[in-house]
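Student: I should like to learn how to read the features of a structure step by step. Where should one begin?

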Amino acid sequence: QVRLVESGGGLVQFGGSRRLSCAASGFTVNLHPMSWYRQAPGKEREFVARLNVGGSTNYAESVKGRFIISRDNAKNMVYLQMDSLKPEDTAVYYCYCWFNGIWGQGTQVTVSS
């Protein structure tokens, strides 16, 4: 079964860090571009980061220098390391596979001021 399951969300203080995880099943993450998106209350889902097959990365301007997307090929997982978190980073974060168009169920990150 093709599936993505996110975890690692929670309540974080302003300036804190959090690492999100995305476990993939039914396909291999290192063979396809993978991304993280987020959706804040009342707003549209927006791009956060992308990890390409060759290892290059792309980031939204709002998170550049603070977030890092990575993967563990052995565990078939994708991660999003988030540092220097701000209240405006509060959102549900989703994992996405560009090959099959699969979304995870999302994990909530709340940054308190």
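Tutor: Let us begin with exposure: a residue is called exposed when its relative accessible area is over 50%, buried when it is under 20%, and partly exposed in between. The model shown is a predicted one. Here E61 has a relative accessibility of 63%, so E61 counts as exposed.

Student: Is K64 buried, partly exposed or exposed?

Tutor: K64 is partly exposed, because its relative accessible area is 46%. K64 also forms a salt bridge with E61, with 2.7 Å between the closest N and O atoms.

Student: By what criterion is such a contact called a salt bridge, and how many salt bridges does the structure hold?

Tutor: The criterion is a side-chain nitrogen of Lys or Arg within 4 Å of a carboxyl oxygen of Asp or Glu. The structure holds 4 salt bridges. One of them joins the side chains of R38 and E46, at 2.6 Å from N to O.

Student: How do R38 and E46 stand with respect to exposure: buried, partly exposed or exposed?

Tutor: R38 has 6% relative accessibility and therefore counts as buried. E46, at 35% relative accessibility, counts as partly exposed.

Student: Which side chain meets that of D89 in a salt bridge?

Tutor: The side chain of R66 does, with an N to O distance of 2.8 Å. D89 belongs to the loop between strand 8 and strand 9 (91-97), and R66 to the loop between strand 6 (57-59) and strand 7, so this pair ties together parts that are 23 residues apart in sequence. Both D89 and R66 are buried.

Student: Which residues are linked in a network of salt bridges?

Tutor: The network links R38, E46, R66 and D89.

Student: Let us turn to the strands. What is the strand order in the open sheet?

Tutor: A sheet is read by following which strand pairs with which. In this model, an open sheet of 4 strands has the order 1-3-8-7, and the pairing is antiparallel. Strand 1 (3-7) and strand 7 (67-72) are the edge strands, each pairing on one side only. From one strand to the next, the twist averages 20 degrees.

Student: Over how many bridges do strand 3 and strand 8 pair, and which residue is the bridge partner of C22?

Tutor: Strand 3 (residues 18-25) and strand 8 (residues 77-82) pair over 6 bridges, in the antiparallel sense. The bridge partner of C22 is V78, in strand 8.

Key
Residues numbered from 1 in each chain as written. Predicted model: local features only at pLDDT ≥ 70, side-chain atom pairs only at ≥ 80, totals over all residues. Heavy atoms only, no water. Pairing = 2+ DSSP bridges. Helix = DSSP H or I, 4+ residues; strand = E, 2+ residues; numbered from the N terminus. Axes fitted to C-alpha atoms, helices over the stretch in contact; angles between N-to-C directions. Buried < 20%, exposed > 50% of the residue type's maximum accessible area, 1.4 Å probe, protein only.
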